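Thanks for making the time this morning. I would like to walk you through one model, beginning with the ligand site and then turning to the enclosed spaces in the protein.

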Amino acid sequence: MNQHSLPAAIPNWINGEECAAISGKTFDKLSPDTGRKLCDVARSGSQDIQNAILTARRAQAAWADLTPVQRGDQLYEIVRIMRTYQKEIAATVALETGMSYSAALGETGGAIAQGEFAAGEGRRFYGRTSTSAVPNKYAMTVRQPLGVAGLIIAANTPIANVAWKVFPALICGNSTVLKAAEDTPATAWLFGKIAQEAGLAPGVLNIVQGYGQEAGAPLVAHQNVDVISFTGSAAVGRQIASIAGQRLAKVSLELGGKNPLVVCDDADLEPAVKWVLLSAFSNAGQRCASGSRIIIFDAVYDQFRAMLIEGTRKLRVGPGDGDDFGPVINEKQLNNMLAAIQAAQQKGAVVLTGGCRLTDDAHAKGFYLAPTIIENAAPDDEFSTSELFGPITSLYRVKDFAEALKLSNDSPYGLTACIHTRSIHRATEYTRKVQAGVAVVNAGTFGSEPHMPFGGLKQSGNGSREPGTEALDVYSDLKNILFNIDPDKL
Ligand code: NAD
């Protein structure tokens, strides 16, 4: 798909109709690969959000009145149409993120699998029955919808992020207002078009475009939004928790990570290098699960560092299918990364490779950072403790397993973690004791699938898990139902 396939202006979807922001305002969406403008985007404000919420509220009861199986059937129809549009979705994702088409196609496949899984939950919407101490009393616990779900997402994997939230929220009987990420408006808009084509009732899924403060914040603050599900940075997550907390709204936060990958002295170093390269640099490091702290045993440190630098220098950076990763999402993020590298260097950190913007002809106009490896950053320095969300990783030397585990856990985040070792004992100890929501042995710092719970401890979240069946706990509440089956007997 080329630039002409995107609409010139990306509108909102409210009540099944495309509409511009009430103010008529728009903002520019730029290509991360070329820096050129791709399209205008509706710059929604609180009145647009209010309209979307009221529309969702009106549509919710009829949606919730469908049986979960009927709702699942409607989600299957969305999935079916996503399959027919799979190439167009992938091309849109590639165009607006700068990732390769093949990576975008893989992500789209994941989003479809997520939809399929959530749709199937319509036939497994299990509750439970319980016993009672009282004769003639029957008791059962069922799930009930919450009402209107406000969904706010990041730009890094746009169609996956939409699918992770919209499908579980809908299967539970909620109507939804999705605030698309400002850097990936077109993918969310296209999903709205697909849902429309699938015959989803107007108002059940509303998609609003705009900036966080202007379009996201009013969604969080609105009394008529029953659950806020947010994927993004810890800084914004904290603000959302505090604002939603004022009105005691339910909140699910999927936040950042500073994920450790430990390379032990008994690790197979060649595969470990490959997994570090994938963990640190795939999707230009713009994954909450990226491997940003590589913790290496002293005995293999020098050898591993040399192998890793060699592997990193061979990486191809660009938007094509033959490239290993593409640009970062916008110039502001790129400049933040460069500033963080510079600040670390001033405090004694050393850039082993990369550390700069790519300025050759093929990359100069895009938002490209060379794959970057840093060493000698102090473990407690800001560089080691804050998320950079780019193709940057940092090496740490440790003497043994105990020190590796301690350093892994010595972080404000607790999202994912990985260890490379041949020892079953070390693997077991590490996965048992590392403070993370996902722990991996001999692979990358990522690897979750639609039926698996994903989320983290500490500042990586607030205890919820999406997707998996655990996502049903985010988007529904429980109701305990009691029957006196023989009313004549007191
Ligand atoms: P961000 O927090 O800046 O923005 C995320 C979303 O929140 C955007 O849609 C933005 O418009 C909106 N937003 C911003 N300010 C807001 C406010 N005050 N009120 C309401 N909404 C607001 O994050 P980002 O830089 O776009 O995304 C990267 C972050 O997302 C990283 O921290 C990454 O780790 C995290 N992430 C987490 C997961 C996960 O599952 N844990 C997955 C992907 C990304």
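Let me start at the ligand, where the shell counts 27 residues, and where Ile153, Glu182, Ser233, Leu255 and Glu387 are the ones that come nearest. Please keep in mind throughout that this is a predicted model, and that every distance I quote is computed from it.

Which groups of the protein make polar contacts with the ligand? On the side-chain part, Ser233 places a polar atom 2.6 Å from an oxygen atom of the ligand, and Lys179 has a side-chain N or O atom 2.8 Å from an oxygen atom of the ligand. Leu255 takes part through its backbone, with a polar atom there lying 2.7 Å from a nitrogen atom of the ligand. As for burial, the ligand taken alone exposes 850 Å², and the protein buries 89% of that.

If we ask where the shell comes from, helix H7, spanning 212-221, strand S11, spanning 227-231, and helix H8, spanning 234-246, each supply at least two of its residues, with H7 giving the largest share, namely 4 residues. At the level of domains, the shell takes at least three residues from domain 1 (3-255 + 461-479) and at least three from domain 2 (259-441). In chemical terms, the shell around the ligand consists of 13 nonpolar, 10 polar and 4 charged residues.

Now to the cavities. How many cavities of 30 Å³ or more does a search of the whole structure find? There are 5 of them, and I will describe two.

The largest cavity holds about 90 Å³ of space, and its lining includes Trp13, Gly16, Gln196 and Pro202. Helix H6, residues 185-197, contributes the most to that lining, with 3 residues, and by class the lining of the largest cavity has 7 nonpolar residues, 4 polar ones and no charged ones.

The second largest cavity has a volume of about 70 Å³, and among the residues that line it are Lys258, Arg287, Ser290, Phe389 and Glu387. Glu387 is therefore a residue to look at twice when you open the model, as one of the residues that come nearest to the ligand and as part of the lining of the second largest cavity. By class, that lining has 3 nonpolar, 5 polar and 3 charged residues, whereas the lining of the largest cavity has no charged residues.

How values were computed
Residues are numbered from 1 along each chain as its sequence is written. This is a predicted model: local features need pLDDT of at least 70, side-chain atom pairs count only at pLDDT 80 or more; totals for chains, interfaces and linings use all residues. Side-chain values use heavy atoms; hydrogens and water are left out. A residue is near a molecule or strand if one of its heavy atoms lies within 4 Å of it. A polar contact is a pair of N or O atoms within 3.5 Å; within protein, one must be able to donate a hydrogen and the other to accept it, and residues adjacent in sequence count only if both atoms are side-chain atoms. Accessible areas come from the Shrake-Rupley method with a 1.4 Å probe; for residues, only the protein chains shown count as cover. Ala, Val, Leu, Ile, Met, Phe, Trp, Tyr, Cys and Pro count as nonpolar, Asp, Glu, Lys and Arg as charged, and the others, Gly among them, as polar. Domain bounds come from an automatic or database domain assignment. On a 1 Å grid over the protein atoms alone, a cavity is a set of points where a 1.4 Å probe fits but cannot get out, and a pocket is an open set with protein on both sides within 12 Å along at least five of seven lines; lining residues have an atom within 4 Å of a point. Grid points are joined across faces, edges and corners, and a volume is the space filled by probe spheres set on the points.
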